[in-house]
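Please look at the structure below with an eye to how its strands pair and how its helices pack. The paragraphs that follow take these topics in turn.

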Amino acid sequence: MPQQVRGVVAHSKGKPVSLETITIPDPGPGEALVQVQACGVCHTDLHYREGGINDEFPFLLGHEAAGIVESVGEGVTDVTAGDFVILNWRAVDGTCRACRRGEPWYCFSTHNATRKMTLASGQELSPALGIGAFAEKTLVHAGQCTKVNPAVAPEVAGLLGCGVMAGIGAAINTGGVGRGDSIAVIGCGGVGDAAIAGAKLAGASTIIAVDTDDRKLRWATEFGATHTINARENDVVEAVKALTGGNGANVVIDAVGRPETFTQAFYARDLAGTAVLVGVPTPEMTIDLPLIDVFGRGGAVKSSWYGDCLPSRDFPMLVDLHLQGRLPLEKFVTETVGLDDVEAAFAKMHSGEVLRSVVVM
């Protein structure tokens, strides 16, 4: 039987969100109904509210979540009722050309639920990133559910569903940071600090945090930064070189996603080094680099999609590292709030007051 629950909905571009009654159908074939326990407030949700993703309003916001599977539809075998899961927004299909060539983290044919959640009026909702987890329950494709150790707290586990995974993966999976490497991370919000934490896990010896906010730079040291650079007061490229023997870092991650920060990342890396873009730019942004520099500096310039993660591989591993005390996920949680506090959480995020506000049901 369809159920009615509370959820946070964005009705139109730039307007405050509202708490609404939504109707959730029973799961169809390949789908799962999940009781959401916690969901992080991610900048992508604000992009949806601002119309920066598409204009398929109304949106059921929220996607960085963990919870308990309540029921599953026909044909679902990987998860069952009672499983504790982290939700992911790239349910690998296993048959696309990326999957067939052994790179499922690039899957070009990911799955979402096909049955629609609606407002009480019957109007269909567009779930953010195919999840819609600012709600007491949500309907997803079963492949979007990754079972992990239930000993982990939901408010920290859910962060692996987006921002923290994006940052850790940008460092380890995309950037290939390894033992003894040097890395600079430009932008020390949640994603940037996760990249710093990932670099520490990987054994990097020099981890440089770059930001314009001294408060964020202090936070970055808690995740493993060995050096900090205030970009308002220093030439970022020259400062990174000064901390790396005049050479530049082996890997530089742009966790901001602006032309000026990406240009800094490009030039702050060592010859044959790697620049990784994980911050999300807006469509009108462009960069202008001399082609001779692209050739002459060598190395690699990459973008990182979801930290190039494979949820079934990475989520359980990172949860286990957290439970062993080696990955301080709890430090990302600045505050826990209720469903009716999402709009205020957006304001705090926009002003840089928090790393993550987490909605707890």
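For the helix packing described here, axes are lines fitted to C-alpha atoms, for helices over the stretch in contact, and angles run from 0 to 180 degrees between N-to-C directions. In this predicted model, helix H4 (residues 163-174) packs against helix H5 (residues 190-202) at an angle of about 45°, and their axes lie 7 Å apart. Angles under 35 degrees count as roughly parallel and those from 65 to 115 as roughly perpendicular, and H4 and H5 are therefore oblique to each other. The crossing of H4 and H5 is right-handed. On the H4 side the contact is made by Gly163, Val164, Ala166, Gly167, Ile168, Ala171 and Ile172, while H5 contributes Val191, Ala194, Ala195, Gly198, Ala199 and Ala202. Sorted by character, the residues of this contact between H4 and H5 comprise ten nonpolar, three polar and no charged.

Turning to the strands, an open sheet is formed by five of them in the order S7-S2-S1-S4-S8, with mixed pairing. Its edge strands are S7 (118-119) and S8 (126-127), each of which pairs on one side only. Within this order, strand S1 (residues 3-10) pairs with strand S2 (residues 18-24) in the antiparallel sense over seven bridges, and Arg6 stands opposite Thr21 in S2.

A parallel pairing is found further along the chain, where four bridges join strand S12 (residues 206-211) to strand S13 (residues 227-230). Between S12 and S13 the chain passes through helix H6 (residues 214-222), and this β-α-β crossover is right-handed.

Key:
Residues numbered from 1 in each chain as written. Predicted model: local features only at pLDDT ≥ 70, side-chain atom pairs only at ≥ 80, totals over all residues. Heavy atoms only, no water. Pairing = 2+ DSSP bridges. Helix = DSSP H or I, 4+ residues; strand = E, 2+ residues; numbered from the N terminus. Right-handed = clockwise from strand over helix to strand, strands pointing away. Parallel < 35°, antiparallel > 145°, perpendicular 65-115°, else oblique. Left-handed = near helix turned anticlockwise from the far one by under 90°. Contact = heavy atoms within 4.5 Å. Nonpolar A, V, L, I, M, F, W, Y, C, P; charged D, E, K, R; others polar.
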